[in-house]
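Please open the model in the viewer and keep the sequence panel visible beside it. The tour below proceeds by selections, one stop after another.

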Amino acid sequence: MEWLIIIGLCVVVALMFTRLQALEARMQRIERFDYSDLPELIDEPQKLDGPTTVVPEEPRGTIARTAPIAAPISDELPPQAEPEAEAVPEPELFHSEEPRSNIDFRLPKLDFEDIFGRKLPIWAGGIALAVGGIFLVRYSIEAGLLGPQVRVALSFVFGFLLLAGAEAAYRFEERINDPRVRQALAGAGIATLYAAFYLAGAQYGLIGPGVAFGGLALVTAGALALSFRFGLPTAVLGLVGGFATPMLVASEDANLPVLAFYLALLTAGLALTARRLGYRWLGASALAGGFGWGILMLFGQSTEPSDHLAIGLYLLALGAAVPLILGRAIELPFMRMVAGAIATLQLAALVALAEFSMLTWGLYMLLAAALAILSWGEDRLRAANAMALGLGVVLLFIWPDAPPEEFARITQALAVIGLGFPLSLVWSNRATPLELAQLSLGAVGLGWANHARFAIPFVDAFQPWLATTLILLAAAAALGAGRLWMKDSTLSRLIALPVAAAAILTYGAVHALLPEWSEVIGAAAIALAIAELLRRRRDVPLAGVAWGAAVLALFTLIGTGLTGRELSYAIGDAYGERDLGQAIIRWSAAALPFAALAYLEWRRIPMRIAEVALVLTAYVALSQFVPAELLAWTCALAAAAALWFLPQRTGLWTTPLSLAFLWTLIPMGEWATHALGAVGGVPMLVGDVPSPEDTLLYVLPFAAACAFAVWRVADRMWLRRALIMLAAFSAAVVVHSLWKQVFAIDSDDAFTQVGMAERTLWQALLIGSGIALLRWQAGWRRIGVGLLIAGLGHFAWFTLMLHNPLWSEQAVGAWPIFNWLAPAYLVAGVGTWWLSRQGDGAMQARFRQLGDAVIMALILLWALSELRHAFAGSLLTSMPMSQTEDLLRSLTGIVLAMAFLMWGSRRDQRRWRIGSLVLMVLAVFKVFLLDTAGLDGYLRAASFIALGFSLIGIGWFYSKQLSGRSADPAET
């Protein structure tokens, strides 16, 4: 440690001499300059030769060439009339023959021999004297050669001898001719006297604390006086030696109060010296050394109250007094703020290390008060003042088992000091965002600390004292917000910060006063108060605070133990007992802030969110007394009412509509599941669809609300299309579920007997409804087409493909012709005809061609099914097909082909004639390839003869029908 200090001293001395050499060279050049030539230089600039470049000002540390004449010339030179006038050349200060443009701008050269041979040994000798005296005293202590009194006396004698030698060198300067000699001797003498007084007071106790304090004060005063007499190096040696002395002569029995007084006086003295000599770095070094010793003293783990008091006063001096001594002119940027912050941090550590004794707390409050007072006139200290409040709050949080009375006193002191200062700045219109944050966050921090200390967790307790504390803290934040509200300034845009702080603290007071079930009422009242502020001043941050308060009220409601039972009524699965009046009041209170926000919000997305939250909370409130069976209808009616009165408030009607949809999830999900099975071929029985009660109570309200919404939102096409799809699907579920109740098919046997009838009538219902809309409601054309497509699709998949009586067990009826085959195919044919007439232009012609082809196929299938019915009866699959029936099928094809030809000829429709020809060709090929394949002998010959005559007759008939007919213009 000793050698580190010695090396550091050497480095400091070398740097000091570098700066001193530059200063001396500059002063010598100024003295050699002849000022008698200045008038000529000013009056006759044109006689001067050489370049006239204006040379910029030299940076600090270089040889300035214009600085010596700048001051006397500035008041005498007349203003230049022309900007282009020739600049006055700089006078020659360096006695150089070279022109100015060739002058080399360089730092002063360092002469190694001059520094290390002539100058540095003197300073090293002074340091050696100081360190040697300290080591001599230490050696005498360790060896036991001299008694304490003799050691101290010799230290004083040696110190005074060194000072006397310095004075002698000063008085006989003409003989010594080197100021460094006296500076070195003076510095060594100061360090020795510091050590002497420290030994006498702290080490041996030869003098009392008062005498030691006075002696240290005298040495400090002497150091100041000698630094003024001998210059800066003396102060530097005093700085290093003074801070190093306690470490070099350290003892286990050291007196901490005396050490603290000693270090405080040393730091203050060095600060005064730095201010007097005008050196910033010296003041900063003094503070750094002082705080370094502060850390060492803190970790000394002393338990004596006197030691705590000494350390606290010492840190108070470093944090508040010493920065004031430095003054603004000499301090480094942010030095006061940094000093106050470090002192606050170390003093906070002292409070914690001293186990939060009231003595250390008092010292901390004293420092906080000093920083608050000083911050009124010094803006740089405001950050340190805010830090004092913040660390105080942290200390409150970590204070274990704090006595209530002491905790309350400390809270009050911190509130008065830490909140009173920023509040006064706000009211005097001198506050910055830092003070506003200190007021707001500090109040919240103090309130939070008190809540953590005094609130009883998980107990619904009445705590008026805690509530009073929180209300007072909220009042401080509210006063700041009120001032910003009344005084419009740039800081008013941050009004949301104190408003939020006041709201949070008030909410804490509500928590301490009201029963658990009613806390949401207080929270809602706070949110409504902030909403009123938002109504008077539209501000985005203030809107954010209002939103936070509304969400907090909702979370307060949800966080209680009653919420689960109340929500169970909203989902129709109620359990447990609940107080009806309390439930309605609680959820209504939670809905009010969102109602205010839905009314006040001017931004689209937040407005929608507020509307959604309002409807949800109001729905839970209604569910407390509305029966579960009527909640779906309640939501549907609410959506319809909102659509009728406020159709542009999308959130107000989409949310209840969504709630109504949620009520349909179970019945519609059940229906959709079995519908998918039916598509796969599994019959859909009556027990697979929602019951009439579920259909009418849950699905029908949603379908009706969607249909009403389609009418009210006609101007928003994308939304209207989505609603049409929802309305169509839910309406189909309603109608189909109720339709399934008509036939009540509850088994596979019943499905075999009446399945064909049920499907046929269902398809007739769909297709008939579609035709009715197309016929009488032109505006509902798309819905009519959709119904037609749905009916035809149902017929194509279920009647024609899955459950066709030709290959599936489906009873069609005992009577020929008058059975379910004719209505089924007739309905499909009529639907196809109407659908094929819905196109426009060329598209309509193509639709008609396709529609007629489908109709011809349906007629053929119906005829074949009726032929099969004539042989098999009601169940077409009850017996295999005979050869006679197979021949009749071919004949049926031929007869139908002739009928199609006659119809096409009569209607002059070429597509029917082409269909006839295709059917005829198929029938002929069937006869040749299939029907005659099993015949032999005369039967085979007779069949071919009959087929020949038939083909001739058909050809003649075709020729006769087609003669004189023109092609259908629409089909060519």
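**First stop: E611 and its partner**

Select E611 and display its surroundings: apart from neighbours within four places in sequence, E611 is in contact with A598, R649, T650, G651 and L652. The model shown is a predicted one. E611 itself is placed in helix α24. Is E611 buried or exposed? With a relative accessible area of 0%, E611 counts as buried, because that value is under 20%.

Now add R649 to the selection. The side chains of R649 and E611 meet in a salt bridge, with 3.0 Å from N to O. R649 lies in the loop between α25 (631–645) and α26, whereas E611 belongs to helix α24 (residues 604–623), so the pair ties together parts that are 38 residues apart in sequence. The side chains of E611 and R649 are also listed as a polar contact, at 3.0 Å. In general, side chains of opposite charge can pair when their charged atoms come close.

**Second stop: charged side chains on α20**

Move to helix α20 (residues 519–536) and select E532 and R535, which both lie in this helix, 3 residues apart, about one turn of the helix. Their side chains meet in a salt bridge of 2.6 Å, N to O. How exposed are the two residues? E532 is partly exposed, with a relative accessible area of 29%, and R535 is likewise partly exposed at 48%.

Next, add R536 to the view. E532 forms a salt bridge with R536 as well, the closest N and O atoms being 2.9 Å apart. E532 and R536 are separated by about one helical turn, because they stand 4 residues apart in helix α20. R536 counts as exposed, at 59% relative accessibility.

To see another pairing beside this group, return for a moment to R649 and E611, whose salt bridge spans 3.0 Å, N to O. On α20, by comparison, salt bridges that share partners join E532, R535 and R536 into one network. For the model as a whole, the count comes to 11 salt bridges.

**Third stop: R586 in α23**

Select R586, which is found in helix α23 (residues 580–600). R586 is buried, with a relative accessible area of 0%. Which side chain makes a polar contact with that of R586? The partner is E566, at 3.1 Å from side chain to side chain.

Then display the residues around R586. Leaving out those up to four places away in sequence, R586 touches E516, W517, V520, L557, T560, L562, T563 and E566. E566 thus appears among the touching residues and as the polar partner.

**Fourth stop: A705 in α27**

Select A705, a residue of helix α27. A705 is buried, its relative accessible area being 6%. Beyond residues up to four places away in sequence, A705 touches A636 and L657.

Add A660 and draw a distance between the two C-alpha atoms. A705 and A660 are 8.7 Å apart in space, C-alpha to C-alpha, although 45 residues separate them in sequence.

**Fifth stop: the largest pocket**

In which part of the model should one look for the largest pocket? Select A728, A731, A732, L766 and L787, which lie nearest its centre among the 48 residues that line it. The volume of this pocket is about 1500 Å³.

Colour the contributing helices next. At least two lining residues come from each of α26 (650–679), α27 (692–712), α28 (717–743), α29 (748–776) and α30 (781–802). Which helix gives the most to the lining? The answer is α28, with 15 residues. By residue class, the lining of the largest pocket divides into 34 nonpolar, 7 polar and 7 charged residues.

**Last stop: the whole chain**

Finally, clear the selections and display the entire protein chain. The chain contains 35 helices and 0 strands. Of its 972 residues, 46% count as buried. Considering contacts between residues at least 6 apart in sequence, 73% join residues at least 24 apart. The salt bridge between R649 and E611 offers an example to revisit, since this pair ties together parts that are 38 residues apart in sequence.

Note on methods:
Residues are numbered from 1 along each chain as its sequence is written. This is a predicted model: local features need pLDDT of at least 70, side-chain atom pairs count only at pLDDT 80 or more; totals for chains, interfaces and linings use all residues. Side-chain values use heavy atoms; hydrogens and water are left out. On a 1 Å grid over the protein atoms alone, a cavity is a set of points where a 1.4 Å probe fits but cannot get out, and a pocket is an open set with protein on both sides within 12 Å along at least five of seven lines; lining residues have an atom within 4 Å of a point. Grid points are joined across faces, edges and corners, and a volume is the space filled by probe spheres set on the points. Ala, Val, Leu, Ile, Met, Phe, Trp, Tyr, Cys and Pro count as nonpolar, Asp, Glu, Lys and Arg as charged, and the others, Gly among them, as polar. Buried means under 20% relative accessible area, exposed over 50%, partly exposed in between (1.4 Å probe, protein chains only). A polar contact is a pair of N or O atoms within 3.5 Å; within protein, one must be able to donate a hydrogen and the other to accept it, and residues adjacent in sequence count only if both atoms are side-chain atoms. Contact means heavy atoms within 4.5 Å. A salt bridge is a side-chain nitrogen of Lys or Arg within 4 Å of a carboxyl oxygen of Asp or Glu.
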